[in-house]
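User: I'd like to practise reading features off a model. Can you take me through a few, giving the general idea and then the case here?

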Amino acid sequence: MTSVATIASMLLMPLNIWMYGRNLDADSLVIPYIEMSGTLILITIPVILGMILNYHVPTITPYITKAGAVCGFGIIFICQTLEIFIFPDIFVGIPMKIYASVILLPLISFFAGLLFARVCRLNEKVSRTIGIEIGIKNVGTALTIISLSLTIDVSSMTKRIILITF
């Protein structure tokens, strides 16, 4: 399912960004289609490796999945914490439309995926999984658009990184 969703997201990403981003008044909005497609391709490689591993050694894959989830959550937590320390003023001066887009894009995607799965008459567990999958995929899209749209003062960023490392 993840492979199909990844391939579909590569094909439908321009439409998705156009639908959600056409009403934003951001002249400096940069949409890096090539970089986002490359990232989606890089995501597909571990998925394929996991599918092969699950096929050949299905007894250890639940342990690898749990360990990967814990490690992934830890990495996200550490990165977000460091980002707040390095860029304490990162949330200052951002328009409310950006906040609304970041929050609404994954939520609407989640409910659209859930609704689509229910329309296809899938059971509740599979429908929730599809909704979560689609919602999480759009978090990355929203964060990529935002991170490439905001200007960052590189000189102050370098000073903060140096202060934090020492």
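User: Let's begin with R128: what is its relative accessible area, and how do I read that value?

Analyst: This is a predicted model, so keep in mind that every value here is computed from it. The general idea is a three-way split: under 20% is buried, over 50% is exposed, and partly exposed lies in between. R128 has a relative accessible area of 43%, so it counts as partly exposed.

User: Which side chain does R128 meet in a salt bridge?

Analyst: For a salt bridge, look for a Lys or Arg nitrogen within 4 Å of an Asp or Glu carboxyl oxygen. R128 meets E124 that way, at 3.8 Å from N to O. Both residues sit in helix 5, 4 residues apart, which is about one turn of the helix. E124 is partly exposed too, at 41%.

User: How many salt bridges are there in total, and what links them?

Analyst: The count is 2. R118 forms a salt bridge with E124, where the closest N and O atoms are 3.7 Å apart. That leaves R118, E124 and R128 linked in a network. R118 is partly exposed as well, with 40% relative accessibility.

User: What about the backbone: what is the phi of R121, and where is R121 found?

Analyst: When you scan phi angles, check the sign and then the residue type. R121 has a positive phi of about 60° although it isn't a glycine. You'll find R121 in the loop between helix 4 and helix 5 (124-149). At 76% relative accessible area, R121 is exposed.

User: Now S109: buried or exposed?

Analyst: Apply the accessibility cut-off again: S109 comes out at 3%, so it is buried, since that is under 20%. S109 is placed in helix 4, and its side chain reaches the backbone oxygen of L105 at 2.6 Å. To see what surrounds a residue, it helps to skip its sequence neighbours. Leaving aside those within four places, S109 is in contact with Y20, L104, G131, I134, G135 and N138.

User: Which residues make the nonpolar surface patch?

Analyst: Here you look for nonpolar side chains that group together at the surface. The patch covers about 1,200 Å², and its members include I7, L11, W18, L104 and F111. Helix 1 (2-21) and helix 4 (96-119) each supply at least two of its residues. Helix 1 gives the largest share, with 7 residues. One of the patch residues is L12, which is found in helix 1. At 51% relative accessibility L12 is exposed, because the cut-off is over 50%.

User: How many aromatic pairs does the structure hold?

Analyst: The structure holds 1 aromatic pair. F110 and F111 form it, with 5.0 Å centre to centre and 70° between the planes. Planes over 60 degrees apart count as edge-to-face, so that is how this pair is read. F110 is partly exposed, at 22%.

User: And the overall picture: how many helices and strands are there?

Analyst: Count the elements, then read their order. The protein has 6 helices and 0 strands, so-called α-α-α-α-α-α along the sequence. Of its 166 residues, 22% are buried. The protein exposes about 12,200 Å², with carbon and sulfur atoms supplying 75% of that. Among contacts with a separation of 6 or more, 72% join residues 24 or more positions apart.

Technical notes. Residues numbered from 1 in each chain as written. Predicted model: local features only at pLDDT ≥ 70, side-chain atom pairs only at ≥ 80, totals over all residues. Heavy atoms only, no water. Phe/Tyr/Trp six-rings, centres within 6.5 Å; stacked < 30°, edge-to-face > 60°. Buried < 20%, exposed > 50% of the residue type's maximum accessible area, 1.4 Å probe, protein only. Patch = residues over 30% accessible without salt bridge, like charges linked within 9 Å, V, L, I, M, F, W, Y side chains within 5 Å. Areas by Shrake-Rupley, 256 points an atom, 1.4 Å probe, with all protein chains shown as cover. Polar contact = N/O pair within 3.5 Å; in protein donor to acceptor, adjacent residues only side chain to side chain. Contact = heavy atoms within 4.5 Å.
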